[in-house]
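Let's take a walk through a protein chain together. Keep the 3D view open and turn it as you read.

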Amino acid sequence: MDFLNLALTFPTIIFTALLLVVILFWIITLLGFADIDMFESDLDIEANSSNTSGTHSFLNLDFGGIPITVSITLVIMLSWLISIYAHKFFAYLLGDGILFYILGLVMLVISVVIALPVAVIISKPLQRFFSSVEASRSSDLLGLECVVVTGKVTPTFGQARINFQGTEQLIEIRAHDNQLFSAGDTVVLLEHLKDQHCYIIAAKPW
């Protein structure tokens, strides 16, 4: 069974499909239509509003400061490689019929379990790079104008679009209680809240 057949045969085809999605995401990101940490703020909101935030906290604890998109990419790539080789050397154990699919799913789970700690080890050298990039980008955005895209902005909710270095980005914004902003308003980024991955905004002073 050659490499291509392994990649397109159950159970490895599951990881192959996920890998194609990841590759498509990074192509879109390189073209400037997506942001590398576009899911960070959404995950933080879900974690803060839920009592079942253990998964997100676990990922942050293990993978440090690298974006969730990078950590997921590492896990999927490693799981795919492990599944390829496991499928190649242990295909004879899968059997036939329903047993084939049951053991195939077990192989998928084992591949992920092995891939997770390996991905954490690989991510260690990357953490310093992404931390410095995040700090630089956050400070660079302060003082810039952006346009509110949500119907309102509150101390816990709000998004805006900003043009930075030739690309348009969607960022999370927050306002103080006594400030009212709505879609279409042009505001200024006043402060960056690192833990919440969002910016405090103020009315345009001119």
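**A guided tour of the chain**

We'll start with Thr150, which sits in the loop between E1 and E2. This is a predicted model, so keep in mind that everything here is computed from predicted positions. Is Thr150 buried or exposed? Its relative accessibility is 9%, so Thr150 counts as buried, because the cut-off for that label is under 20%. Setting aside neighbours within four places in sequence, Thr150 is in contact with Phe157, Gly158, Gln159, Ser182 and Ala183. You can also look across to Ile173: Thr150 and Ile173 are 23 residues apart in sequence, and their C-alpha atoms are 9.9 Å apart in space.

Now look at Gly151, which is also in the loop between E1 and strand E2 (159–164). Gly151 has a relative accessible area of 60%, so it is exposed, since that label needs over 50%. Which residues does Gly151 touch, leaving aside its neighbours within four places in sequence? They are Phe181, Ser182 and Ala183. Ser182 is a good one to find on screen: Gly151 and Ser182 are 31 residues apart in sequence, yet 5.1 Å separates them in space, C-alpha to C-alpha. Ser182 and Ala183 turn up in the contacts of Thr150 and in those of Gly151.

Time to zoom out. How many helices and strands does the protein chain have? There are six helices and five strands. Follow the chain from the N terminus and you'll meet them in the order α-α-α-α-α-α-β-β-β-β-β. The chain has 206 residues, and buried ones make up 37% of them. The chain exposes about 12,200 Å², with carbon and sulfur atoms supplying 67% of that area. As for contacts, take those between residues at least 6 apart in sequence: 61% of them join residues at least 24 apart.

Let's go back towards the start of the chain, to Pro11. You'll find Pro11 in the loop between helix H1 (3–7) and helix H2 (12–30). Check the bond that leads into it. Most peptide bonds are trans. The peptide bond from Phe10 to Pro11, however, is cis, with omega near 10°.

From here you can jump a long way along the sequence, to Phe100 in helix H6. Phe100 and Pro11 are 89 residues apart in sequence, but their C-alpha atoms are 9.1 Å apart in space. What does Phe100 touch, not counting residues up to four places away in sequence? Its contacts are Phe10, Leu94 and Gly95. Phe10, you'll remember, is the residue on the other side of that cis bond from Pro11.

Leu94 leads us on to a pocket, as it is one of the residues lining the second largest pocket. That pocket has a volume of about 170 Å³. Two elements give two or more residues to its lining: helix H5 (68–90) and helix H6 (98–141). H6 gives the largest share, six residues. Besides Leu94, the lining includes Ile82, Ala86 and Phe90, along with Val106, Met107 and Ile110. What classes of residue make up the lining of the second largest pocket? Ten are nonpolar, one is polar and none is charged. You can spot Ser111 among the lining residues too.

Our last stop is about charged side chains. A search of the whole structure finds two salt bridges. In one, the side chains of Glu145 and Lys204 meet, with 3.6 Å from N to O. This pair links distant parts of the chain: Glu145 is in strand E1 (residues 145–148), Lys204 is in the segment after strand E5 (198–203), and their positions lie 59 residues apart in the numbering. Glu145 has a relative accessible area of 35%, so it is partly exposed. Lys204 is partly exposed as well, because its relative accessible area is 32%.

The other salt bridge joins Arg174 and Glu172, whose closest N and O atoms are 3.2 Å apart. Are these two buried or exposed? Arg174 has a relative accessible area of 5%, so it is buried. Glu172 counts as buried too, because its relative accessibility is 5%. Compare the two pairs on your screen: Glu145 is partly exposed and so is Lys204, whereas Arg174 is buried and Glu172 is buried.

Notes: Residues are numbered from 1 along each chain as its sequence is written. This is a predicted model: local features need pLDDT of at least 70, side-chain atom pairs count only at pLDDT 80 or more; totals for chains, interfaces and linings use all residues. Side-chain values use heavy atoms; hydrogens and water are left out. On a 1 Å grid over the protein atoms alone, a cavity is a set of points where a 1.4 Å probe fits but cannot get out, and a pocket is an open set with protein on both sides within 12 Å along at least five of seven lines; lining residues have an atom within 4 Å of a point. Grid points are joined across faces, edges and corners, and a volume is the space filled by probe spheres set on the points. Helices (H or I, at least four residues) and strands (E, at least two) are DSSP runs, numbered from the N terminus. Ala, Val, Leu, Ile, Met, Phe, Trp, Tyr, Cys and Pro count as nonpolar, Asp, Glu, Lys and Arg as charged, and the others, Gly among them, as polar. Contact means heavy atoms within 4.5 Å. A salt bridge is a side-chain nitrogen of Lys or Arg within 4 Å of a carboxyl oxygen of Asp or Glu. Buried means under 20% relative accessible area, exposed over 50%, partly exposed in between (1.4 Å probe, protein chains only). Accessible areas come from the Shrake-Rupley method with a 1.4 Å probe; for residues, only the protein chains shown count as cover.
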